[in-house]
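Subject: Structure handover

Hello,

I am passing a structure on to you, as promised. Please open it first, and then read on below for what I found when I went through it.

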Amino acid sequence: MIDVLIVDDDPMVSEINKSYLNEIEGYRLKGKAFSVKEAITFLEKNDVKLILLDIFMPEKDGLHLLTTIRQLQKDIDVILITA
């Protein structure tokens, strides 16, 4: 089972991604974060193998989170989602 974190500041988009994810066998939603700060806090306490990551968010953008994940050398795949 692949644990997934959805990071998106738009609750409606987050729910759409959650619904789609629930239809795919082998993937499990581990959590949702609505900001980069919230995502970093989540990742400090939880292991995931995939992040569905929005780029454009207030405060820090998704690329900041991606850079942080790579600097920490976390073994997490990331799919960037942008409008």
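Here is what turned up, starting with confidence and then going through the helices, the cores and two loop residues.

First, a word on reliability. This is a predicted model. The mean pLDDT of the protein is 95, and 100% of the residues reach 70 or more. Among the elements, β1 has the highest mean pLDDT, at 98, while α3 has the lowest, at 94.

**Helix α1**

I began with α1, which runs over residues 11–22. Its twelve residues, at 1.5 Å a residue, should span 16 Å, and the C-alpha atoms at its two ends are indeed 16 Å apart, so expectation and model agree. At the start of this helix, the backbone nitrogen of Met12 has a side-chain oxygen of Asp10 within 2.9 Å.

Which residues of α1 are buried? They are Ser14, Asn17 and Leu21. These residues cover an arc of only 65 degrees around the axis, and therefore sit on the same side of α1. Turned away from that buried side is a face with the exposed residues Met12, Ile16, Tyr20 and Asn22. As for what the buried residues pack against, the partners are β1 (2–7), β2 (27–33), β3 (50–54) and β4 (77–81).

Two residues of α1 deserve a closer look. Asn17 belongs to this helix and has a relative accessible area of 15%; because buried means under 20%, Asn17 counts as buried. Leaving aside residues up to four places away in sequence, Asn17 touches Ile6, Leu52 and Ile81. For Asn17 and Leu52, which are 35 residues apart along the chain, the C-alpha atoms are separated by 8.2 Å. Val13 also lies in α1, but its relative accessibility is 27%, so Val13 counts as partly exposed. Between the C-alpha atoms of Val13 and Asp54 the separation is 9.6 Å, with their positions 41 residues apart along the chain. **Helix α2**

The next helix, α2, covers residues 36–45. Its buried residues are Val36, Ala39, Phe42 and Leu43. Viewed down the axis of α2, these buried residues fall within an arc of 120 degrees, so they line one face of the helix. The face turned away from the buried side carries Lys37, Glu44 and Lys45, which are exposed. The packing partners of the buried residues of α2 are β1, β2, β3 and α3.

**The nonpolar cores**

How many residues does the largest nonpolar core have? The count is 15, and the residues with the most contacts inside this core are Leu5, Val7, Leu43, Val48, Ile51, Leu53 and Leu65. Two or more residues each come from β1, α2, β3 and α3 (62–71). The largest share, four residues, is given by α2.

Val48, one of the residues with the most contacts inside that core, is worth selecting in your viewer. Not counting residues up to four places away in sequence, Val48 touches Asp3, Val4, Leu5, Lys30, Phe42, Leu43, Asp75 and Ile76.

There is also a second, separate core of five residues, including Val4, Leu21, Leu50 and Leu52. Two of these names have come up above: Leu21 is among the buried residues of α1, and Leu52 is one of the residues that Asn17 touches.

**Two loop residues**

Finally, a pair of backbone details. Glu59 is not a glycine, yet its phi is positive, at about 65 degrees. You will find Glu59 in the loop between β3 and α3, where its relative accessible area of 79% makes Glu59 exposed.

Gln73 is not a glycine either and has a positive phi of about 55 degrees. This residue sits in the loop between α3 and β4. Is Gln73 buried or exposed? With a relative accessible area of 71%, Gln73 is exposed.

That is what I have for now. Happy browsing, and do write back with any thoughts.

Best wishes

Note on methods
Residues numbered from 1 in each chain as written. Predicted model: local features only at pLDDT ≥ 70, side-chain atom pairs only at ≥ 80, totals over all residues. Heavy atoms only, no water. Expected span 1.5 Å × (residues − 1). Buried < 20%, exposed > 50% of the residue type's maximum accessible area, 1.4 Å probe, protein only. Arc of directions from axis to C-beta. Contact = heavy atoms within 4.5 Å. Polar contact = N/O pair within 3.5 Å; in protein donor to acceptor, adjacent residues only side chain to side chain. Core = buried A, V, L, I, M, F, W, Y, C linked by side-chain atoms within 4.5 Å. pLDDT = per-residue confidence, 0-100.
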